[in-house]
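Work through the exercises below with the model open. Try each task before you read its solution.

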Amino acid sequence: MLSNTQIQETTAASRIGVTEISHRYGDRLALNQLSFEVHPSEIFGLLGPNGGGKTTLFRLLSTLLPLQSGTANIAGFDLATQSQQIRTLIGVTFQSPSLDGKLTVQENLRHQAHLYGISGALMRTRIENALQHLGLTDRKHDLAESLSGGLKRRVEIAKGLLHSPQVLLLDEPSTGLDPGARHDLWKYLKQLQREDGVTILITTHLMEEAEQCDRLGILHQGELVALGTPDELRASVGGDCLTIHSENLDELQTQMTQKFGVEPQIVNHSLRLEHPRGHEFLKDLIDAFPQLVSSVSLGKPTLEDVFIHETGHQFWQAEETV
Amino acid sequence: MNQSPSTLALPPVGPMKQFMLPILTLAQREVVRFLRQRTRVIGALMQPILFWILFGAGLRGSFKPPEWAASGMTYQEYFFPGVTVMILMFTAIFSTISIIEDRKEGFLQGVLVSPVPRTSIVLGKLLGGTILAVLQAVLFIFLGPLLKIVGLAPDFQTGITLASFIPLILFLFLLGFSLTALGFVIAWPMESTQGFHAIMSVFLMPMWLLSGSFFPAGESGWLSWIIRANPLTYGVTGLRRILTPESGLPSTPGNPSMIICLTVTTVVCIIYVAIAIWMTQKRSTRNAR
């Protein structure tokens, strides 16, 4: 048995620190002065539309891309100079596939284990465990190329876990997973976090997945626009969110500003407004403009509202403009 | 204990294991992949054999054996070591083309983020390619002459005895390693397999043609100088010497001695491997494609 202090020391080392990282592809600035920290044993999510810089950051942290400016460390090791140490303790699951389709699931895992210096009985146990946890046991003799997209993802995830990494980096892990498999994946991630103290950094563009993280960073056009727990982020929006539909958005926007002194934004063919007491304002609004307002919906802010609040864009719109 | 693997129990990994295990596993993967893609086996082995039979038949009449050759040498006999080198080269090319595929399909990035030394990645690839190349070459050396039964090959002796079998394997291994390393150096910076095919037709094929594989080097003239400057000439001649029964081959500038063949082939091999390792040491943007 390890004493408490020992466990503390081990886990205190597993975290990620990023300081003022910038990255360019030619003229395009993909990451702009990014700084954040991932605490030991937490699940940290990077939320943002595709093209927001998530994958670039992911590739930097997984030691694939050279660091251009800024510094970063994983578990106390410097990313620029100690990548070899970092590689032994991170587990990486890429968004793009990294399986060899001509090999079976088991062969893929066996080669992966060998790359991390694991062989023999230990390797067999680890592979069996990973297969079992990801529900792949009965597919282990199938060629990887014959698997469905969701099953391939699961093998990818199994690959990243074989060497029991202290830090797990997952790039859009639930792409192609059906809701059941996604649920199982999160259950397993939380088990790793709880029982083994694994620190997990995950990128996603799915709101419901972001909700599951302990803390979140919202990435937009290479900048970190918000950072905090999902609850903190929602609280930062304040009060309620009103989405107002109208035949004449511009007219309504001007009149609302004149009458109530509020500044609604036009987002995706509707007016959007945050208000501390939404239900009361809703009544006033309909009383004031019965003709102009065609429908209103009122809700507690979601992470999507946080994104709109911080960037002025609808999440999916931002994705399209990139 | 049927729990998820504990993070605190990282296995102790010796430096030798960390270096050798990836080499062996990557080489094994190479061999398994190759054997599962039957068209590749056919492509790398059948084409040279067809060349051997067809050119052998077509050029039989016009071939004039070089002075050093035993009297009555047919073209097909002359061409035999050349075709063997072609088999080595084709297999080397096919196995190094897979670097481009590995990069595209993503397998390579998984290897690059692992703690495997870059040297092991290179050596694993080269070892796998070389094993395949040597296997196919040996297969040809033993089965090719049997084509005489169906009249597709002349009756001749390959000069392989129990005593010369080990040197043959070693030399094929050296030459195969060298050609695979050359393929690696070409393939590593490539974006597409089409690019590799272009290099193959303007560089690798001429290199093979001008190595004394296809026609003998004359004693003078610009062509003979090119052939003498081509490192592969020394590989082909070295193989020809091992495959020639008795010591019937005199040493001339176009037909260097075994010591020179061995030295040149070894030095060139070391250079190719060194370049390959040097290229993989750099962490660059291309790794993330």
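**Exercise 1.** At which residue does helix 7 of chain B bend, and by about how many degrees?

*Solution.* Keep in mind that this is a predicted model. Start with the span. Helix 7 of chain B covers residues 193-213, which is 21 residues. A straight helix would reach 30 Å at 1.5 Å a residue. The end C-alpha atoms of helix 7 are only 26 Å apart, so the span falls short, since the expected value is 1.5 Å times one less than the number of residues. Now locate the bend. Helix 7 of chain B turns by about 45° at Met200(B).

**Exercise 2.** Which residues of helix 7 of chain B are buried? What covers them?

*Solution.* First, the cut-off: a residue is buried if 20 or more other C-beta atoms lie within 10 Å of its own. In helix 7 of chain B, the buried residues are Leu204(B), Trp208(B), Leu210(B), Ser211(B), Gly212(B) and Ser213(B). Next, the cover. It includes helix 3 (75-105), helix 8 (222-229) and helix 9 (231-243) of chain B.

**Exercise 3.** How many helices and strands does chain B have, and what is its radius of gyration?

*Solution.* Count the elements. Chain B has 10 helices and zero strands. Along the sequence, the pattern reads α-α-α-α-α-α-α-α-α-α. Then compare sizes. The radius of gyration of chain B is 21 Å, and the globule rule gives 19 Å for 289 residues. The two values are close, so chain B is as compact as a globular protein of that length. Its C-alpha atoms fill a box of roughly 75 × 40 × 35 Å along the principal axes.

Finish with packing. Of the 289 residues in chain B, 43% are buried. Take the contacts in chain B with a separation of 6 or more: 80% of them join residues 24 or more positions apart.

**Exercise 4.** Take Glu20(A) and Thr63(A). What is phi of Glu20(A) near, and what is phi of Thr63(A) near? Is Glu20(A) buried or partly exposed? Is Thr63(A) buried or exposed?

*Solution.* Begin with Glu20(A). Its phi is near 50°, a positive value in a residue other than glycine. Glu20(A) sits in strand 1 (residues 16-25) of chain A. It has 13 other C-beta atoms within 10 Å, so Glu20(A) is partly exposed.

Move to Thr63(A). Here phi is near 70°, again positive in a residue other than glycine. Thr63(A) belongs to the loop between helix 2 (54-61) and strand 4 (69-74) of chain A. Thr63(A) is buried, because 25 other C-beta atoms lie within 10 Å.

Conventions:
Residues numbered from 1 in each chain as written. Chains lettered and ligands numbered in written order. Predicted model: local features only at pLDDT ≥ 70, side-chain atom pairs only at ≥ 80, totals over all residues. Helix = DSSP H or I, 4+ residues; strand = E, 2+ residues; numbered from the N terminus. Bend = angle between axes of the 7 residues up to and from the residue. Buried ≥ 20, exposed ≤ 12 C-beta atoms within 10 Å, placed from the backbone. Contact = placed C-beta atoms within 7 Å. Rg over C-alpha atoms; globule rule 2.2 N^0.38 Å.
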